[in-house]
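Me: I would like a close look at a single part of this model, followed outward into whatever surrounds it. Please take your time over the answer.

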Amino acid sequence: MSLELRSLSEIRTNPYEKPEPLIDGLLNRGELVIVTGQWDSFKSRFTAEFARAIVTGEKFLGHFPVQSSAPVFIIQKEINPAFYDERMIGLMRGTPDDTKFYVSYEDFRFNNGYGIELGNIIKFHGIRLIIFDPLTYFWPDERSFDENSSGDVSNAISPILKLRATGCSFIFVHHDPKPSINGGGIARGSSVLVNAPDARILLHRQGDEDSVTVRCRTRNIKPPPKFKADLVGDRLIYSGEDKQKQEILFWLSEKKSQRWIADKLGISQAQVSRVK
């Protein structure tokens with residue numbers, strides 16, 4: 001194997017093409033993202049919204065445009081399958097049965113050769129996003145593996161970093177080690193988990209609020225400003241300055257009648273009709 005040396009002239013005349021965006025301002029094709037936060041900070045719901053947006057082509061959180069729809073795959077290893085199925089039925093309400101949305105509860109781990117298995121799944125199903133939820137349960141089952149070891153973690157996720165070349169993107173859902181004062185979201189384990197991903201999304205939920213604050217750190221694209229997402233029904237939706245307007249727009253997108261929305265939010269139908 002020999003190194004390729006590209007001259008400045010070659011770089012100027014034949015630069016590499018930038019990856020196509022999946023979700024504007026948040027995720028490109030062939031990127032690794034880590035989503036971190038405390039226990040019960042809507043991490044699983046938030047990443048499932050990524051899956052829904054990409055598989056349907058609808059705006060992520062009802063706000064961030066999706067460039068094209070594509071198959072997605074979630075491997076969920078923490079939430080009871082019956083309850084997760086129920087959540088997915090609610091999340092995917094209104095989508096056809098043949099939607100290319102896949103979920104597995106298998107005990108899949110980052111053991112030797114797992115990259116080949118994932119590569120085959122990506123190729124066969126045309127997968128464009130795989131979510132590992134939560135990351136802790138995917139580590140190799142070798143006793144010697146140490147989540148705090150840079151070498152161990154690098155070796156474990158190396159096949160995923162290589163699979164980015166397929167155009168498939170990956171999301172790690174990971175827990176914070178302890179409560180942070182300002183919702184900084186310090187991911188547990190080796191610093192590789194912070195440095196290797198192309199983007200890092202930090203979630204902070206205050207108490208039992210049905211709202212989560214989202215902060216994004218991105219390497220390849222300009223990140224959006226800090227924003228909030230609110231739990232409305234089975235969905236998380238982007239919350240702007242006018243929360244009520246966002247809720248009305250959401251329910252309108254769900255084909256609810258103005259009367260239904262007015263009763264739901266405790267407002268008049270005239271208020272609903274004024275929202276565009």
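Where is the place of P134 in this structure?

Reply: This is a predicted model, and in it P134 has its place in the loop between strand 6 (129-133) and helix 5. The peptide bond that joins D133 and P134 is cis, with an omega of about -10°.

Helix 5 (150-163), at one end of that loop, packs against helix 4 (residues 114-125), the two axes being 9 Å apart and set at an angle of about 30°. Because that angle falls under 35 degrees, helix 4 counts as roughly parallel to helix 5, and the crossing by which helix 4 passes helix 5 is right-handed. On the helix 4 side the contact is formed by Y114, G115, L118, G119 and I122, which meet A156, I157, P159, I160 and L163 of helix 5. Sorted by character, the residues of this contact are 8 nonpolar and 2 polar, with no charged residue.

Following the chain past helix 5 leads to R164, which lies in the loop between helix 5 and strand 7 (169-175). R164 counts as partly exposed, because its relative accessibility is 24% and the buried class is kept for values under 20%. Although R164 and G30 are 134 residues apart along the chain, their C-alpha atoms are separated by 4.2 Å. Leaving aside neighbours within four places in sequence, R164 is in contact with G30, E31 and L32, and also with F170, A196 and D198.

A second helix pair offers a counterpart to the one described above. The axes of helix 2 (residues 43-56) and helix 3 (residues 81-91) come within 11 Å and cross at roughly 45°, and therefore helix 2 is oblique to helix 3. Here too the crossing is right-handed. S44, R45, A48, E49 and R52 in helix 2 meet Y84, R87, M88 and L91 in helix 3, and the residues of this contact divide into 4 nonpolar, 1 polar and 4 charged.

Helix 2 also takes part in the interior of the model. The largest nonpolar core has 40 residues, of which I23, F46, F50, F60, L61 and I201 touch the most other members, and helix 2 gives the most to this core, with 7 residues. Once its neighbours within four places in sequence are set aside, F50 is in contact with I23, L26, L27, F60, L129, I171 and I201. A second core, separate from this one, has 27 residues and includes I75, W139, F170 and L193. In soluble globular proteins, nonpolar side chains tend to be buried together.

Two residues in the loops on either side of helix 2 deserve attention for their backbone. F42, in the loop between strand 3 (32-37) and helix 2, has a positive phi of about 70° although it is not a glycine, and F42 is buried, with a relative accessible area of 8%. L61, in the loop between helix 2 and strand 4 (72-76), likewise has a positive phi, of about 60°, without being a glycine, and at 1% relative accessibility L61 counts as buried.

To return to the part you asked about, the cis bond between D133 and P134 belongs with a proline whose place is in the loop that runs between strand 6 and helix 5.

Key. Residues are numbered from 1 along each chain as its sequence is written. This is a predicted model: local features need pLDDT of at least 70, side-chain atom pairs count only at pLDDT 80 or more; totals for chains, interfaces and linings use all residues. Side-chain values use heavy atoms; hydrogens and water are left out. Axes are lines fitted to C-alpha atoms, for helices over the stretch in contact, and angles run from 0 to 180 degrees between N-to-C directions. Helices (H or I, at least four residues) and strands (E, at least two) are DSSP runs, numbered from the N terminus. Angles under 35 degrees count as roughly parallel, over 145 as roughly antiparallel, 65 to 115 as roughly perpendicular and the rest as oblique. A crossing is left-handed if the near helix is turned anticlockwise from the far one by less than a right angle, and right-handed if clockwise. Contact means heavy atoms within 4.5 Å. Ala, Val, Leu, Ile, Met, Phe, Trp, Tyr, Cys and Pro count as nonpolar, Asp, Glu, Lys and Arg as charged, and the others, Gly among them, as polar. A nonpolar core is a set of buried Ala, Val, Leu, Ile, Met, Phe, Trp, Tyr and Cys residues joined through side-chain atoms within 4.5 Å. Buried means under 20% relative accessible area, exposed over 50%, partly exposed in between (1.4 Å probe, protein chains only).
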